[in-house]
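Hi there,

Here is the structure I promised to pass on to you. Have a look at it first, and then read my notes below.

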Amino acid sequence: MPEYQRSLTIAAAPDELFDYLSRVENLPKYFSGLSEAHGATGGEIHVTAVEPPEATESGKPEKVESNASFEVDADQRAIRWGTPALNDHDYGGRLQVTPEGDGARLAVTLHTEHDAPDVINAGIDETLRNVERLVTQKPDLQN
């Protein structure tokens, strides 16, 4: 299964940034294509996303709903998630926050069977820019 990884250094305290990113209710604020997320059962969340036209067989945007695993490792500042096969494609990833200089390095890694590297990398880049925008607009992420 192909793996895609992108990262960005952000002017934010690593612990504060990770705390914000690890709250399920904040996922749609920064994950590209995700329109809804809330707790489900155990270590799962329920998500609603819209797959872009380039990633669908119909060539039209498609709404997808699923339960996904969602594991937060606060000690490592890492989040891991995954969904069962959706439209015959397994999907999972990892978000990692690490200290870098006066800020934080945010890395997002995706594992997917989709074969659309440009679209996938563009989605990861958009997610990283969304986080950067949120930090710029709201430097104190705790409020």
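**Salt bridges and their surroundings**

At 62% relative accessibility, Lys63 counts as exposed. The side chain of Lys63 meets that of Glu65 in a salt bridge, with 3.8 Å from N to O. Glu65 itself is partly exposed, its relative accessible area being 46%. Please keep in mind that this is a predicted model.

What is behind such a contact? Side chains of opposite charge can pair when their charged atoms come close.

How many salt bridges does the count come to? The count comes to five, and two others are worth finding on your screen.

One of them joins Asp15 and Arg77, whose closest N and O atoms are 2.7 Å apart. Asp15 sits in helix α1 (residues 14–21), while Arg77 belongs to the loop between β4 (62–73) and β5 (78–86), so this pair ties together parts that are 62 residues apart in sequence. Are these two residues buried or exposed? Asp15 counts as exposed, because its relative accessibility of 52% is over the 50% cut-off. Arg77 counts as buried, because its 18% is under the cut-off of 20%.

Another salt bridge is formed by the side chains of Glu100 and Arg105, at 3.9 Å from N to O. Glu100 has 37% relative accessibility and counts as partly exposed. Arg105 is partly exposed too, at 26%.

When you open the model, try starting from Asp15 and looking for its partner, Arg77.

Best wishes, and enjoy exploring!

How values were computed. Residues are numbered from 1 along each chain as its sequence is written. This is a predicted model: local features need pLDDT of at least 70, side-chain atom pairs count only at pLDDT 80 or more; totals for chains, interfaces and linings use all residues. Side-chain values use heavy atoms; hydrogens and water are left out. A salt bridge is a side-chain nitrogen of Lys or Arg within 4 Å of a carboxyl oxygen of Asp or Glu. Helices (H or I, at least four residues) and strands (E, at least two) are DSSP runs, numbered from the N terminus. Buried means under 20% relative accessible area, exposed over 50%, partly exposed in between (1.4 Å probe, protein chains only).
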